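Reader: Hi! Could you walk me through this structure? I'm new to this.
Author: Happy to, let's take a look together.
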Amino acid sequence: MIKIGVLISGSGSNLQSIIEAVNNGSIVAEIALVISNNEEAYGLTRAENYGILTKVIKHGDFGQCQEFDQELLRVLKENRVDLVVLAGFMRVLGAAFLAAFPDRVINIHPAILPSFPGTHGQEQAFDYGVKLAGCTVHFVDEKVDHGPIIIQAAVPVLSNDSEDCLGARILRCEHKIFPRALALYCAGNLRIEDRKVKISGVDESALEDQFLISC
Ligand code: GRF
């Protein structure tokens with residue numbers, strides 16, 4: 001069975017949705033451990049509540065990003081992790097890390113990529129005045145929020161929306177598409193061809209309803 005290592009920095013609501021999907025059998029995998037670079041991340045408590053191994057690796061304890069990455073790698077390999085999942089992990093992983101997990105690092109971003117990459121993507125989309133906001137699950141490559149896209153969901157922006165209100169609706173969508181993307185990966189249903197992610201084994205006619213309208 002595929003072993004997942006989840007990297008977090010904060011609240012861990014996406015982590016929670018992944019744990020629930022593993023527990024109800026929609027993701028056929030095991031969560032080997034959860035690593036946080038922030039010792040106060042509430043996601044650590046969520047993981048502990050389910051008896052999942054947790055580890056804090058603080059980037060500030062390392063002089064250079066590469067050393068932090070190497071320690072992450074060491075711990076992930078020690079726990080025989082196959083797939084690295086970035087669930088609100090607020091650090092950029094370097095080339096050496098990614099080379100150790102080729103096409104095996106998956107991230108969620110709270111905007112419809114390639115628009116609005118980076119830390120403030122959600123805020124920037126709102127300030128720009130987009131009518132459709134949303135979220136993206138994608139494979140990670142060496143550029144930030146850039147790798148092949150697995151699933152996206154669109155969230156309409158309402159006229160009286162605040163950024164927080166919109167953000168909460170986007171987060172609810174994240175909780176749907178992230179476990180779904182991981183389920184597809186773990187079932188062997190994703191294949192990357194010319195940076196396009198081909199999905200097999202699902203009825204794609206249902207995708208529009210599921211992800212555009214009801215999120
Ligand atoms: C999510 O919006 C995710 O897209 C972004 O950081 C946030 C993490 O939320 N990368 P949580 O920690 O999963 O609650």
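Author: First, a term: a residue is near a molecule if one of its heavy atoms lies within 4 Å of it. This is a predicted model, where local features need pLDDT of at least 70, side-chain atom pairs count only at pLDDT 80 or more, and totals for chains, interfaces and linings use all residues. Residues are numbered from 1 along each chain as its sequence is written, and side-chain values use heavy atoms, with hydrogens and water left out.

Reader: Cool, so which residues are around the ligand?
Author: They are G10, S11, G12, S13, N14, G88, I108, P110, L171 and E174.

Reader: And which polar backbone atom is 2.8 Å from an oxygen atom of the ligand?
Author: One belonging to G12. A backbone N or O atom of N14 is 2.9 Å from a ligand oxygen, and for an N or O atom in the side chain of S11 the distance to a ligand oxygen is 3.2 Å. For scale, a polar contact here is a pair of N or O atoms within 3.5 Å; within protein, one must be able to donate a hydrogen and the other to accept it, and residues adjacent in sequence count only if both atoms are side-chain atoms.

Reader: New topic: where is the cis peptide bond?
Author: That bond joins L113 and P114, with omega of about 10°.

Reader: Nice! What about the phi of R80?
Author: R80 is not a glycine, yet its phi is positive, about 55°.
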